[in-house]
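Work through the exercises below with the model open. Try each task before reading its solution.

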Amino acid sequence: MKTAIYPGSFDPITLGHLNIIRRASAIFDKVFVCVMVNSDKTPMFNLEERVELVQRVTKRLGNVQAEASAKLTAEYAKDKGATVIVKGLRVVSDFEKEFQIAVINKKMNPELDTLFLTASEKYTYLSSSVVKEMAKYGADLSEFAPREIIDDIINKTSNRR
Ligand code: ADP
């Protein structure tokens, strides 16, 4: 059984993330979406909320499970019996950052490989920050965020004002 983890902050999950999750779920037997605690900025959604949003939009993907993690990625992967970390790459600057992290993770757990999936071209510009920024201006979010969570983003945005 091939198990992968897909770590990130998912604040909130976007259509770009979901695209990577779908593709990973077709490659691996099991995919753990690992919602990380370590967000340097103040998140829009707290950890439990971020996990719940990922669970809601991945409900129909039977081999995908979303969880929170406060652990180092390499340790979390070991706990789950995962041998692969999936990452999405949008632009060259993503690669520079992710390459370094991949080397460190390999050092910490030599059985662990990082698999980079290139972002689907229609989502190369998309990040959670873009979604939050668009929401602030009341823009239509249907091309950016999964439709099941758009109301949550709108409500959270108006509460923050
Ligand atoms: P963000 O950069 O949107 O805040 P995260 O830190 O939660 O996202 O990223 C988790 C993972 O998802 C990373 O591997 C990141 O490169 C990838 N990712 C983020 N947005 C996209 C996208 N639009 N297309 C493909 N991969 C993405």
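**Exercise 1. Classify Glu98 and Lys87 as buried or exposed, then find how their side chains meet.**

Solution. The model is predicted. Start with burial: Glu98 and Lys87 are both buried. Next, check the side chains. They meet in a salt bridge, at 2.7 Å from N to O. Now place the partners. Glu98 belongs to helix H4, residues 92–108, and Lys87 to strand S4, residues 84–89, so the bridge ties together parts 11 residues apart in sequence. The general idea is simple: side chains of opposite charge can pair when their charged atoms come close.

**Exercise 2. Find how many salt bridges the whole structure holds, and which residues Asp11 and Glu49 pair with.**

Solution. Take the total first. A search of the whole structure gives 10 salt bridges.

Then take Asp11. Its side chain meets that of Lys132 in a salt bridge, 2.9 Å from N to O. Asp11 sits in the loop between strand S1 (3–8) and H1, while Lys132 sits in helix H5, so this pair ties together parts 121 residues apart in sequence. Check burial against the cut-off of under 20%. Asp11 has 5% relative accessibility, so Asp11 is buried. Lys132 has a relative accessible area of 16%, so Lys132 is buried.

Now take Glu49. Its salt-bridge partner is Lys156, with the closest N and O atoms 3.0 Å apart. This pair links distant parts of the chain: Glu49 is in helix H2 (residues 47–57) and Lys156 in helix H6, 107 residues apart. Glu49 counts as partly exposed because its relative accessibility is 28%.

**Exercise 3. Decide whether Val131 is buried or exposed, and list what it touches.**

Solution. Locate Val131 first: it is found in helix H5, residues 128–136. Read its accessibility. The value is 0%, so Val131 counts as buried. Then list contacts, leaving out residues up to four places away in sequence. Val131 touches Pro12, Thr14, Leu126, Leu141, Phe144, Ala145 and Ile153. Pick out Phe144 from that list. Val131 and Phe144 are 13 residues apart in sequence, and their C-alpha atoms are 6.4 Å apart.

**Exercise 4. Do the same for Thr157: buried or exposed, and which residues does it touch?**

Solution. Thr157 lies in helix H6, which spans residues 150–160. Its relative accessibility is 5%, so Thr157 counts as buried. Skip residues up to four places away in sequence. The contacts are then Met44, Ala135 and Lys136.

**Exercise 5. Find how far apart Ile104 and Ser129 are, in sequence and in space.**

Solution. Begin with Ile104, which is in helix H4. Ile104 is partly exposed because its relative accessible area is 44%. Count along the chain: Ile104 and Ser129 are 25 residues apart in sequence. Then go C-alpha to C-alpha: they are 26 Å apart in space.

**Exercise 6. Name the residues that form a positive surface patch, and place Arg22.**

Solution. The patch is formed by Arg22, Lys59, Arg60 and Arg147. Arg22 lies in helix H1, residues 15–27. Now test its accessibility. Patch residues need over 30% relative accessible area. Arg22 has 48% relative accessibility, so Arg22 counts as partly exposed.

Technical notes. Residues are numbered from 1 along each chain as its sequence is written. This is a predicted model: local features need pLDDT of at least 70, side-chain atom pairs count only at pLDDT 80 or more; totals for chains, interfaces and linings use all residues. Side-chain values use heavy atoms; hydrogens and water are left out. Patches are made of residues with over 30% relative accessible area and no salt bridge: like charges are joined within 9 Å, nonpolar side chains (Val, Leu, Ile, Met, Phe, Trp, Tyr) within 5 Å. Accessible areas come from the Shrake-Rupley method with a 1.4 Å probe; for residues, only the protein chains shown count as cover. A salt bridge is a side-chain nitrogen of Lys or Arg within 4 Å of a carboxyl oxygen of Asp or Glu. Lys and Arg count as positive and Asp and Glu as negative; His and the chain ends are not counted. The place of a charge is taken as NZ of Lys, CZ of Arg, CG of Asp or CD of Glu. Helices (H or I, at least four residues) and strands (E, at least two) are DSSP runs, numbered from the N terminus. Buried means under 20% relative accessible area, exposed over 50%, partly exposed in between (1.4 Å probe, protein chains only). Contact means heavy atoms within 4.5 Å.
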